[in-house]
Amino acid sequence: MYYIEDEFYKNRIISSNKQMIENCDILVCYVDEKVKNSGSKRILSYAKKKGLKIINLFSEV
């Protein structure tokens, strides 16, 4: 977990995930991109903007 003590408690996971993305080259995730409001989807979009290689394990059956 990254240092997030100064963040509002509802933003702590998102802040931690953003810091993690800043320090990696590849994102391996399981995200259904059709879900409207999802923190995981928000972080996936952030990773795409940063140009990370993304491996999304989600597949529709």
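## Exercises on a two-helix, two-strand chain

The chain holds 2 helices and 2 strands, and the model examined in these exercises is a predicted one.

**Exercise 1. State in which order the elements of the chain follow one another from the N terminus, and what share of the residues is buried.**

Solution. Reading from the N terminus onward, the elements come in the order α-β-α-β. For the second part, the chain has 61 residues, and buried residues make up 21% of them.

**Exercise 2. Decide whether helices H1 and H2 are roughly parallel or roughly antiparallel to each other, and give the handedness of their crossing.**

Solution. Begin with the geometry of the pair: helix H1, which covers residues 12-22, packs with H2 at an angle of about 25°, and the two axes are 10 Å apart. Next, apply the cut-off, which is that angles under 35 degrees count as roughly parallel. The helices H1 and H2 are therefore roughly parallel to each other. Finally, the handedness is a separate property, and the crossing of H1 and H2 is right-handed.

A pair of residues can be placed on this picture as well. Lys18 belongs to helix H1, and its C-alpha lies 9.9 Å from the C-alpha of Arg42, although 24 residues separate Lys18 and Arg42 in sequence. With a relative accessible area of 35%, Lys18 is partly exposed.

**Exercise 3. Find how many salt bridges the whole structure has, and work out which parts of the chain each pair links.**

Solution. A search of the whole structure gives 2 salt bridges, which can be taken one after the other.

- Step one concerns Glu22 and Lys50, which form a salt bridge whose closest N and O atoms are 3.3 Å apart. This pair links distant parts of the chain, since Glu22 sits in helix H1 and Lys50 in helix H2, 28 residues apart.
- Step two asks about the accessibility of these partners: Glu22 has a relative accessible area of 41% and is partly exposed, and Lys50, at 43%, is partly exposed.
- Step three turns to Lys48 and Glu33, whose side chains meet in a salt bridge with an N to O distance of 2.9 Å. Lys48 lies in helix H2 and Glu33 in the loop between S1 and H2, so this pair ties together parts that are 15 residues apart in sequence.
- Step four completes the description, as Lys48 is partly exposed with a relative accessible area of 46%, while Glu33 is partly exposed with a value of 40%.

Two of these residues can be followed to other partners in space. The C-alpha atoms of Glu33 and Phe58 are 8.9 Å apart, with their positions 25 residues apart in sequence. Lys50 and Asp25 are likewise 25 residues apart in sequence, and their C-alpha atoms are 9.5 Å apart in space.

**Exercise 4. Name the residues that make the nonpolar surface patch, and then determine for Tyr30 and Val28 where each is placed and whether each is buried or exposed.**

Solution. The patch, with an area of about 510 Å², is made by Ile26, Val28, Tyr30, Ile55 and Leu57.

Consider Tyr30 to start with: its place is in the loop that runs between strand S1, residues 26-29, and helix H2, residues 39-50. The relative accessible area of Tyr30 is 58%, and the cut-off needed here is that exposed means over 50%. Tyr30 is thus classed as exposed.

Now consider Val28, another member of the patch, which is found in strand S1. The relative accessibility of Val28 is 53%, so Val28 counts as exposed under the cut-off of over 50%. As a last step, relate Val28 to helix H2: the C-alpha atoms of Val28 and Leu44 are separated by 9.7 Å, and the two residues stand 16 residues apart along the chain.

Key:
Residues are numbered from 1 along each chain as its sequence is written. This is a predicted model: local features need pLDDT of at least 70, side-chain atom pairs count only at pLDDT 80 or more; totals for chains, interfaces and linings use all residues. Side-chain values use heavy atoms; hydrogens and water are left out. Patches are made of residues with over 30% relative accessible area and no salt bridge: like charges are joined within 9 Å, nonpolar side chains (Val, Leu, Ile, Met, Phe, Trp, Tyr) within 5 Å. Accessible areas come from the Shrake-Rupley method with a 1.4 Å probe; for residues, only the protein chains shown count as cover. A salt bridge is a side-chain nitrogen of Lys or Arg within 4 Å of a carboxyl oxygen of Asp or Glu. Helices (H or I, at least four residues) and strands (E, at least two) are DSSP runs, numbered from the N terminus. Buried means under 20% relative accessible area, exposed over 50%, partly exposed in between (1.4 Å probe, protein chains only). Axes are lines fitted to C-alpha atoms, for helices over the stretch in contact, and angles run from 0 to 180 degrees between N-to-C directions. Angles under 35 degrees count as roughly parallel, over 145 as roughly antiparallel, 65 to 115 as roughly perpendicular and the rest as oblique. A crossing is left-handed if the near helix is turned anticlockwise from the far one by less than a right angle, and right-handed if clockwise.
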